[in-house]
Amino acid sequence: MRGTSAPLLRCPRCHADGALRLTAEARDAREVTSGALTCARCGRTGAVTGGVADLLHDPPPFVTAEAAGLRRFAERMRADGWDRERVLRLPDEPSPYWHGQRASLAQLARTVAFRPGQRLLDVGANTCWASAAFARDGLEVLALDIATHELQGLDTARWWMERDGTHFERLLGVMYDLPVASATLDHVFCCEVLHHNGLANLRRTLREAYRVLKPGGTLSVIRETLRAPLTPQLRPGHEVAEFEGHEHAFLAATYLTAARAAGFRTRVLDPAGHWVLSGEPFAPSRRRRGALKLAALELTRRRAPTRRAYRAYLHHVAGTVPLSFTAVKRP
């Protein structure tokens with residue numbers, strides 16, 4: 001934690017912007033590694049441990065349970081061969097999951113003007129791979145999560161910073177009550193995290209994103225789980241239920257309506273790397289679908305109206321692709 005970052009924060013108890021004061025007990029070349037953040041208004045004190053600022057105030061049981069589940073998941077990852085070297089290769093991990101993450105971030109970089117010196121909040125930073133990527137590009141990054149565990153939390157950030165020679169802040173807190181001062185950020189980034197809210201907290205989270213952004217700032221949301229008529233998702237997250245991930249699935253319209261209700265102007269993105277909408281030649285395995293069908297799909301992706309219609313079908317009817325969108329805070 002750096003002293004220059006304290007004015008960017010918000011007290012998680014009394015919600016005073018810029019009221020936190022940093023007291024240092026130990027520091028290294030990058031930051032204060034041990035100390036405290038005390039609110040000048042209400043007196044709440046949160047520890048700074050390993051450079052991570054504890055701004056998690058009175059968390060509800062589902063947050064505590066999910067954080068404990070992340071610790072157990074980190075232990076599972078270690079048993080499966082995950083270590084520092086493997087994490088530092090992310091997102092270049094040979095699996096469909098990480099291919100999707102990599103393709104979605106690359107698509108976002110072509111869509112949103114991320115510039116050095118801008119300030120970005122990474123919501124649900126987890127392994128901190130995206131925070132590290134933005135920091136390497138020269139952005140001033142704040143990484144937020146509910147856990148600090150290595151492999152599944154903010155302590156993983158040290159690996160990236162030591163390798164890259166960069167720095168970014170780590171904040172322990174919740175997304176539906178962001179411990180960040182109002183109108184201080186250029187970007188808020190969310191990767192596969194919004195669905196860890198119930199509906200009420202999803203709406204709160206989007207309102208919070210609007211609050212912390214400067215006018216004209218951008219919320220970027222990639223790879224959100226969908227519920228749709230053809231994929232009802234009656235038990236979202238059941239495959240990892242033992243880790244208590246507090247997972248949900250919403251209609252695409254639910255995400256977009258909540259963002260617009262918060263005040264954002266939204267733009268839905270094509271599914272990154274989708275075999276029809278990517279613009280790449282159809283793979284040989286796809287050509288077995290028949291010449292007539294492939295010709296129709298080729299025509300679909302060449303025209304803007306049919307692309308939008310096909311994308312709407314994927315998001316709102318089939319639900320077979322994750323939702324990615326950008327949202328701009330109106331000036």
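Is cysteine 190 buried or exposed? Keep that in mind as you open the model; we will select this residue at the third stop.

**Before you start**

This is a predicted model, in which local features need pLDDT of at least 70 and side-chain atom pairs count only at pLDDT 80 or more, while totals for chains, interfaces and linings use all residues. Residues are numbered from 1 along each chain as its sequence is written, and side-chain values use heavy atoms, with hydrogens and water left out.

**Stop 1: the whole chain**

Show the protein chain as a cartoon. You can look for nine helices and eleven strands; these are DSSP runs numbered from the N terminus, helices being H or I with at least four residues and strands being E with at least two. The C-alpha atoms fill a box of roughly 70 × 45 × 40 Å, taken along the principal axes. For 331 residues, a compact globule would have a radius of gyration near 20 Å, and the protein chain agrees with its 20 Å. That radius is taken over C-alpha atoms, and the globule rule is 2.2 Å times the number of residues to the power 0.38.

Now switch on the surface. About 14900 Å² of the protein chain is exposed, and carbon and sulfur atoms supply 52% of that area. Accessible areas come from the Shrake-Rupley method with a 1.4 Å probe, and for residues only the protein chains shown count as cover. Buried residues make up 53% of the 331, where buried means under 20% relative accessible area, exposed means over 50%, and partly exposed is in between (1.4 Å probe, protein chains only).

**Stop 2: a covered helix**

Select residues 129-136, which are helix α4. Seven of its eight residues are buried, among them Trp129 and Phe134. What do these buried residues pack against? Colour α3 (96-111), β5 (119-123), β6 (140-145), α5 (157-164) and β8 (185-191) to see their packing partners. Just past the helix, click on glycine 138, whose phi is positive, near 95°.

**Stop 3: the cysteines**

Next, show the cysteine side chains. A disulfide is a pair of cysteine sulfur atoms within 2.5 Å, and by this rule the count comes to zero. Cysteine 190 is in no disulfide, as the nearest cysteine sulfur, in cysteine 191, is 9.1 Å away. Here is the reply to the opening question: cysteine 190 is buried, at 2% relative accessibility. Then move to cysteine 42, where the closest cysteine sulfur belongs to cysteine 11; at 3.6 Å, that is too far for a bond. Cysteine 42 is partly exposed, with a relative accessible area of 27%.

**Stop 4: charged pairs**

Side chains of opposite charge can pair when their charged atoms come close. A salt bridge here is a side-chain nitrogen of Lys or Arg within 4 Å of a carboxyl oxygen of Asp or Glu, and the whole structure has 20 of them.

- Select glutamate 93 and arginine 86, whose side chains form a salt bridge at 2.5 Å, N to O; glutamate 93 is buried, at 10% relative accessibility.
- Select arginine 163 and aspartate 164, whose closest N and O atoms are 2.8 Å apart in a salt bridge. Both are partly exposed, arginine 163 at 41% and aspartate 164 at 23%.
- Select aspartate 186 and lysine 214, a salt bridge at 3.4 Å, N to O. This pair links distant parts of the chain, with aspartate 186 in strand β8 and lysine 214 in strand β9 (residues 213-224), 28 residues apart. Aspartate 186 is buried at 17%, whereas lysine 214 is partly exposed at 30%.
- Select Arg10, Asp17, Glu208 and Arg211, which are joined into one network by salt bridges that share partners.

**Stop 5: arginine 204**

Zoom in on helix α6 (residues 199-212) to find arginine 204, a partly exposed residue at 32% relative accessibility. Not counting residues up to four places away in sequence, arginine 204 touches Tyr176 and Asp177, contact meaning heavy atoms within 4.5 Å. The C-alpha atoms of arginine 204 and tyrosine 176 are separated by 5.3 Å, though the two residues are 28 apart along the chain.

**Last stop: the outside**

Finally, select tyrosine 313 in helix α9 (residues 304-318); it is partly exposed, at 38%. Add Leu230 and Val317 to see a nonpolar surface patch, with about 270 Å² of accessible area together. Patches are made of residues with over 30% relative accessible area and no salt bridge, like charges being joined within 9 Å and nonpolar side chains (Val, Leu, Ile, Met, Phe, Trp, Tyr) within 5 Å.
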